[in-house]
Amino acid sequence: APMLHTIYMAGLLHDIGKPRTRSVGADGSVHFFHHAEEGARMFDRMERRLGLFAREPELMSAIRFLILHHQRAHQYDEAWTDSAVRRFAREIGPHLDDLMALSRADMTTKRREKRRRFLFQLKDLQQRIGALAEEDAQVPPLPKGLGDVLMQAFGLPPSRRLGELRRALEEAVASGELPAQQPSEAYV
């Protein structure tokens, strides 16, 4: 239940910075610039004053993190590069599932199309994070540094020929002709 407690508390407090950051543009539009940062500062002051989580510093830290970053998933766009998606996942770290749950719950628009589009974006982000994590977890068939060893052994510069050699070795490993993950010298 601590995880659920974290999401509930973050859901309750994630927009506490809005009243202090409310501004109205010349066209009458209302903005809440930097309300997440202000909300995290307000949470810190509230915690110092009330000590609600004094016995649970991990919970306090997780709630503060979610308040501070609750809009990060809203910024996702399918044009993000794979490295941007990896960076997002790395920066959010162990809070990813909680942040995604909070982001889904924070979509309160009554406009059906906007809600559908946002939920699709969140699902796309989660799927991309999962696919990239799977891809990153796969052990490459050839050892790191093999290209340097091949260049030295055959006197090759970085070139198309070197790439062709490497692809031929990868195909030989994939077909079972050569064993995977041997020392570089075994492939020379």
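**A buried aspartate, charged pairs and the nonpolar core**

In this predicted model, Asp106 lies in the loop that runs between α6 and α7. Although Asp106 is buried, no salt bridge is formed by this residue, and the nearest side chain of opposite charge, that of Lys18, is 6.3 Å away. Because a salt bridge requires a nitrogen and a carboxyl oxygen within 4 Å of each other, the distance of 6.3 Å between Asp106 and Lys18 does not qualify. When residues up to four places away in sequence are not counted, Asp106 is in contact with His14, Asp15, His70 and His74.

Two of the residues just named, Lys18 and Asp15, are themselves joined by a salt bridge, in which the closest N and O atoms are 3.8 Å apart. Lys18 has a relative accessibility of 26% and therefore counts as partly exposed, and Asp15, at 24%, is likewise assigned to the partly exposed class. The charged end of Lys18 also sits over the ring of Phe32, at 4.8 Å from the centre of that ring. Lys18 thus appears in the description of a salt bridge with Asp15 and in that of a charge placed over the ring of Phe32.

Across the model, the count of salt bridges comes to eleven. One of them connects the side chains of Glu113 and Arg116, with a distance of 2.7 Å from N to O. Glu113 and Arg116 are three residues apart in helix α7, so about one helical turn separates them. Glu113 itself, with a relative accessibility of 42%, counts as partly exposed. Elsewhere, salt bridges with shared partners join Arg20, Glu38, Arg41 and Arg45 into one network. Within this group, Glu38 forms a salt bridge with Arg45, and the closest N and O atoms of the pair are 3.2 Å apart. The two partners fall on either side of the cut-off for burial, which is set at 20% relative accessible area: Glu38, at 11%, counts as buried, whereas Arg45, at 31%, counts as partly exposed.

Attention then turns to the nonpolar residues. In soluble globular proteins, nonpolar side chains tend to be buried together. The largest nonpolar core of the model consists of 18 residues, among which Phe88 and Leu125 touch the most other members. At least two residues of this core are supplied by each of the helices α4 (57-69), α5 (82-92), α6 (96-105) and α7 (112-137), and the largest share, five residues, is drawn from α7. Leu125 touches Ala73, Tyr76, Trp80, Val85, Phe88 and Met100, again with residues up to four places away in sequence not counted.

Several of the residues touched by Leu125 carry aromatic rings, and these rings were examined in turn. A search of the whole structure finds three aromatic pairs. One of them is formed by Tyr76 and Trp80, whose ring centres are 5.1 Å apart and whose planes stand at 85 degrees, so that the arrangement is classed as edge-to-face. Tyr76 is buried, at 2% relative accessibility, while Trp80, with a relative accessible area of 22%, is partly exposed. Ring pairs link Tyr76 and Trp80 with Phe88 into a cluster. Phe88, a member of this cluster, is also one of the two residues with the most contacts to other members of the core, and Leu125 touches Tyr76, Trp80 and Phe88.

Conventions:
Residues numbered from 1 in each chain as written. Predicted model: local features only at pLDDT ≥ 70, side-chain atom pairs only at ≥ 80, totals over all residues. Heavy atoms only, no water. Core = buried A, V, L, I, M, F, W, Y, C linked by side-chain atoms within 4.5 Å. Buried < 20%, exposed > 50% of the residue type's maximum accessible area, 1.4 Å probe, protein only. Helix = DSSP H or I, 4+ residues; strand = E, 2+ residues; numbered from the N terminus. Contact = heavy atoms within 4.5 Å. Phe/Tyr/Trp six-rings, centres within 6.5 Å; stacked < 30°, edge-to-face > 60°. Lys NZ or Arg CZ within 6 Å of the ring centre and 35° of its normal. Lys, Arg positive; Asp, Glu negative; His and termini not counted.
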